[in-house]
Amino acid sequence: MRTVLVTGPGGAGRTTVAAATALAGSRRGARTLLISADAIPGFPSATGPARVTDTLWSVRTDSAEHFRSELLALQDQLSGVLGMLGGNHLDGEELTELPGSDQLALLHSLHRAAQGDWSRDGYDLLVVDLPPLREALALLALPEQLRRYLRRLVPQERQAARALRPMLAQLAGVPMPAHWLYEAAARRDAELAAVQALVEDRATTLRLVAEPGPAAEDALRTARTGLALQGARVDALVANRVLPRHSPDPWFAALAAQQEKCLDHWREEWAAAAPPVEVPHLGRDPQDPADLAALTGGDAALAVDDRGTGRAENPWWIEESGTPDGPGGTDGPDGILIWCLRLPGAVKKDLQLVRRGNELLLTVGPFHRIVPLESALRRCTVSGASLTDGVLRVRFTPDADLWPRTS
């Protein structure tokens with residue numbers, strides 16, 4: 001399944017472009033599913049797949065309902081403990097969703113799409129309307145982060161000792177975790193793993209939507225670093241609501257000139273990754289699928305490449321000291337290993353790098369990621385780091401006490 005994740009600075013019309021992208025894909029014959037949390041004019045608002053055209057379906061995520069159902073299910077699992085504590089059960093009618101529930105609801109929808117729960121025959125194209133750019137980057141990192149938290153809080157290897165729990169409970173004087181806790185953690189980990197696999201699949205790309213102008217230019221420049229840190233691959237930069245270049249009205253002509261200046265910068269900065277695709281301003285908000293079709297320019301402007309450019313399996317690579325840019329390695333403790341990561345737009349003052357055990361903790365401005373080290377690097381000590389020409393290089397010196405000795 002080809003997947004296109006659509007996001008961009010707030011107010012740029014990303015939901016409209018996501019819907020137009022889905023419509024363009026379906027008009028080319030692809031069985032297409034659109035997932036969005038926002039209402040789209042002319043589209044159903046059902047929380048399960050609802051037919052829009054013969055080859056297009058849409059789903060609207062309901063974060064409030066998802067929050068209620070999840071919390072009530074958890075309450076049922078904890079009913080015995082709550083009874084012992086004298087707790088009062090909550091009714092669904094009194095539950096209001098908490099901040100962050102919209103992200104979890106969207107992850108749940110992605111899981112159902114990835115598992116094929118919504119279609120016996122599956123879909124050829126999945127288009128996902130993500131939140132605004134900053135929140136979308138955090139959402140893409142969320143499955144990996146939550147899985148890490150689960151592994152730390154409820155280690156899977158501890159399940160092997162469940163036969164000893166009654167005895168351990170007597171020795172410790174406190175109850176041991178119930179079996180349902182490990183089952184629930186394993187179930188959540190499997191769901192998050194499916195979403196993470198979908199996001200990291202080589203057939204998944206990110207489509208950026210922005211209205212040309214100084215604010216969007218700054219937002220995209222900052223986001224490039226976060227995209228690189230997460231290993232996301234952009235398949236298109238959609239310049240939305242582009243005004244006609246020639247207008248007799250001086251005010252519109254000045255706005256069009258400002259847009260054209262911004263587009264020139266985007267053509268230069270994004271030429272290699274995703275040349276800008278221009279979508280015209282209709283002069284009004286789209287009202288129905290016919291208006292969306294008008295934005296696609298005969299479906300060519302927002303067409304999705306069936307091959308998929310995808311994400312690299314890992315955004316980082318390892319070099320030996322003195323080797324050219326590219327992957328490499330070493331067999332012994334004599335050579336220095338260099339862990340490399342492309343971070344376009346990053347500056348040294350916003351970069352923090354910490355090694356903790358077998359992980360690297362990376363912070364680049366507002367973006368964070370925890371990277372597990374490969375086995376060779378775990379037997380090394382960090383001997384330095386540099387940021388040059390948009391590439392972070394961390395030097396690892398092999399620890400002779402940790403490398404196997406050879407005769």
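# Close-up views of a predicted model

**Figure 1. Trp266 and its surroundings.** Leaving out residues up to four places away in sequence, Trp266 touches Ala210, Glu211, Pro212, Ala216, Glu217, Leu220, Leu237, Ala239, Ala271 and Pro276. The model shown here and in the other views is predicted. Trp266 also turns up in the largest nonpolar core, a set of 64 residues, as one of those that touch the most other members. The others picked out that way are Leu33, Leu130, Leu208, Trp339, Leu343 and Phe396. Another core lies apart from that one: it has 23 residues, including Leu34, Phe43, Val127 and Ala293. As background, nonpolar side chains in soluble globular proteins tend to be buried together.

**Figure 2. Helices α8 and α9, side by side.** Helix α8 covers residues 214-230 and helix α9 covers residues 250-269. Their axes cross at roughly 15 degrees and come within 10 Å. Angles under 35 degrees count as roughly parallel, so α8 is roughly parallel to α9. The crossing of α8 past α9 is right-handed. On the α8 side, the contact is made by Pro214, Ala216, Glu217, Leu220, Arg221 and Arg224. From α9 come Gln258, Cys262, His265, Trp266 and Glu269, so look out for Trp266 from Figure 1, where Ala216, Glu217 and Leu220 are among the residues it touches. Sorted by class, the α8 contact with α9 has 5 nonpolar, 2 polar and 4 charged residues.

**Figure 3. Helices α4 and α5, crossing.** Here helix α4 (residues 101-115) packs against helix α5 (residues 133-153) at an angle of about 70 degrees, and the axes are 11 Å apart. With 65 to 115 degrees counting as roughly perpendicular, that makes α4 roughly perpendicular to α5. α4 passes α5 in a right-handed crossing. Gln103, Leu104, Leu106 and Leu107 of α4 meet Glu135, Leu139, Leu142, Pro143 and Leu146 of α5 in this contact. The class count for α4 with α5 is 7 nonpolar, 1 polar and 1 charged residues.

**Figure 4. His111 in helix α4.** Staying with helix α4, this view picks out His111. Is His111 buried or exposed? His111 is buried, because its relative accessible area is 14% and the cut-off for buried is under 20%. Setting aside neighbours within four places in sequence, His111 is in contact with Glu191, Ala194 and Val195.

**Figure 5. Val238 and Arg241 in strand β7.** Strand β7 runs over residues 234-242 and includes Arg241; Val238 lies in β7 too. Val238 has a relative accessible area of 1%, so it is buried. Not counting residues up to four places away in sequence, Val238 touches Val17, Arg207, Leu208, Val209, Ala210, Val277, Val279 and Leu302. One of those, Leu208, is among the core residues that touch the most other members. How far apart are the C-alpha atoms of Val238 and Val6? They are separated by 9.8 Å, although the two residues are 232 residues apart along the chain. Arg241 is partly exposed, with a relative accessible area of 24%. The backbone of Arg241 is worth a look as well: phi is near 60 degrees, a positive value in a residue other than glycine.

**Figure 6. Asp389 in the loop between β14 and β15.** Asp389 sits in the loop between β14 (380-388) and β15 (391-398). Phi of Asp389 is near 55 degrees, again a positive value in a residue other than glycine. What is the relative accessible area of Asp389? It is 77%, so Asp389 counts as exposed.

**Figure 7. Gln352 in strand β11.** Gln352 belongs to strand β11, residues 351-356. Gln352 is exposed, with a relative accessible area of 52%, since exposed means over 50%. Leaving aside residues up to four places away in sequence, Gln352 touches Leu361, Leu362 and Thr363. From C-alpha to C-alpha, Gln352 and Gly365 are 8.5 Å apart in space, and they are 13 residues apart in sequence.

**Figure 8. Stepping back to the chain.** The protein chain has 11 helices and 15 strands. Of its 407 residues, 42% count as buried. Among contacts between residues at least 6 apart in sequence, 69% join residues at least 24 apart.

How values were computed
Residues are numbered from 1 along each chain as its sequence is written. This is a predicted model: local features need pLDDT of at least 70, side-chain atom pairs count only at pLDDT 80 or more; totals for chains, interfaces and linings use all residues. Side-chain values use heavy atoms; hydrogens and water are left out. Helices (H or I, at least four residues) and strands (E, at least two) are DSSP runs, numbered from the N terminus. Buried means under 20% relative accessible area, exposed over 50%, partly exposed in between (1.4 Å probe, protein chains only). Axes are lines fitted to C-alpha atoms, for helices over the stretch in contact, and angles run from 0 to 180 degrees between N-to-C directions. Angles under 35 degrees count as roughly parallel, over 145 as roughly antiparallel, 65 to 115 as roughly perpendicular and the rest as oblique. A crossing is left-handed if the near helix is turned anticlockwise from the far one by less than a right angle, and right-handed if clockwise. Contact means heavy atoms within 4.5 Å. Ala, Val, Leu, Ile, Met, Phe, Trp, Tyr, Cys and Pro count as nonpolar, Asp, Glu, Lys and Arg as charged, and the others, Gly among them, as polar. A nonpolar core is a set of buried Ala, Val, Leu, Ile, Met, Phe, Trp, Tyr and Cys residues joined through side-chain atoms within 4.5 Å.
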